[in-house]
Amino acid sequence: DPRVTVHTPMWIWLSTGVRALDHAIELLCAPRADPISDGNALQTLRLLSRALPRVKRDPNDLDARLDCQFAAWISLMARQYGLTLGISHAIGHTLGNHAGVPHGYTSCVMLPPSMRYNQPVVAERHRLVAEAMGHPNDDAADVVRAFISDLGMPGRLADVGVGRDQF
């Protein structure tokens, strides 16, 4: 219906999508990940890497928004099996509480550096991330950083108002 009006502000929609991407990546890299959680995480990455840019280009693309909704739901399914999230989320919760950074923005800022920090122990898992996002020969942290940047989301602490004096 061409008269459909979407009310969610774009920054909330996109940063929440990056939060779901963060869930998927951290659960894919969880020490106790299994074939079921892997499938959920990889499907989330595939859906979001295609759908979020479509929503940015056309906020009224309801099919893309539905794919984002599915992905957000799927991204947390592995939590019901006891898998835990990682460093990006731990820092994100602290950053949000301490500096008032919105939850989705914490993923935009913290996910790529967290991936770089974890790279030595999850390199094979990161290859799966890059592949699922359509860049099988690239570094996963670079793929995610570029994805976030292309969405117009913040990528540095300074971009969300966090200065050195708050460390």
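1. Helices are DSSP runs of H or I with at least four residues, strands are runs of E with at least two, and both are numbered from the N terminus. In this predicted model, the pattern read along the protein chain is α-α-α-α-α-α. The secondary structure therefore amounts to six helices and zero strands under those run lengths.

2. How compact is the protein chain for its length of 167 residues? Its radius of gyration is 15 Å, and the globule rule gives 15 Å for 167 residues, so the chain is as compact as a globular protein of that length. Taken along the principal axes, the box filled by the C-alpha atoms is roughly 50 × 45 × 30 Å.

3. Some totals for the chain follow. Of the 167 residues, 43% are buried. The accessible surface is about 8900 Å², and carbon and sulfur atoms hold 54% of that surface. Among contacts between residues at least 6 apart in sequence, 74% join residues that are at least 24 apart.

4. On the pockets: rolling a probe the size of a water molecule over the atoms shows where empty space is left. The largest pocket has a volume of about 210 Å³. It is lined by 16 residues, of which Glu 26, Cys 29, Gly 86, Ile 87 and Asn 118 are the closest to the pocket centre. Three elements give two or more residues to this lining: α1 (10–28), α4 (87–99) and α5 (103–132).

5. Which helix gives the largest share of the lining of the largest pocket? That helix is α5, with six residues. By residue class, the lining of the largest pocket has nine nonpolar residues, six polar and one charged.

6. His 126 also belongs to helix α5. Its relative accessible area is 3%, and because the cut-off for buried is under 20%, His 126 is buried. Beyond the neighbours within four places in sequence, His 126 is in contact with Cys 29, Met 115, Gln 119 and Ala 140. Cys 29, listed there as a contact, is also one of the residues closest to the centre of the largest pocket.

7. Ala 51 sits in helix α2, which covers residues 35–57. Is Ala 51 buried or exposed? With a relative accessibility of 1%, Ala 51 counts as buried. Once residues up to four places away in sequence are set aside, Ala 51 touches Ala 64, Asp 67 and Cys 68. For the pair Ala 51 and Ala 64, 13 residues apart along the chain, the C-alpha separation is 4.7 Å.

8. Ala 78 is a loop residue, placed between α3 (62–74) and α4. Its relative accessibility is 2%, so Ala 78 counts as buried. Outside the four-place window in sequence, Ala 78 is in contact with Leu 27, Ser 37, Asn 40 and Leu 83. The C-alpha atoms of Ala 78 and Ser 37 are 5.1 Å apart, although the two residues are 41 apart in sequence.

9. Val 143 is found in helix α6, residues 140–150. At a relative accessible area of 7%, Val 143 is buried. Apart from neighbours within four places in sequence, Val 143 has contacts with Ala 130, Met 133, His 135 and Asp 138. Where a separation of 43 residues in sequence links Val 143 to Gly 100, the C-alpha distance is 27 Å.

10. Asn 137 lies in the loop between α5 and α6. Its relative accessible area is 74%, and because exposed means over 50%, Asn 137 is exposed. Asn 137 and Arg 127, which are 10 residues apart in sequence, have their C-alpha atoms 8.0 Å apart. Both Asn 137 and Ala 78 are loop residues, but Asn 137 is exposed, whereas Ala 78 is buried.

Note on methods. Residues are numbered from 1 along each chain as its sequence is written. This is a predicted model: local features need pLDDT of at least 70, side-chain atom pairs count only at pLDDT 80 or more; totals for chains, interfaces and linings use all residues. Side-chain values use heavy atoms; hydrogens and water are left out. On a 1 Å grid over the protein atoms alone, a cavity is a set of points where a 1.4 Å probe fits but cannot get out, and a pocket is an open set with protein on both sides within 12 Å along at least five of seven lines; lining residues have an atom within 4 Å of a point. Grid points are joined across faces, edges and corners, and a volume is the space filled by probe spheres set on the points. Ala, Val, Leu, Ile, Met, Phe, Trp, Tyr, Cys and Pro count as nonpolar, Asp, Glu, Lys and Arg as charged, and the others, Gly among them, as polar. The radius of gyration is taken over C-alpha atoms; the globule rule is 2.2 Å times the number of residues to the power 0.38. Buried means under 20% relative accessible area, exposed over 50%, partly exposed in between (1.4 Å probe, protein chains only). Contact means heavy atoms within 4.5 Å. Accessible areas come from the Shrake-Rupley method with a 1.4 Å probe; for residues, only the protein chains shown count as cover.
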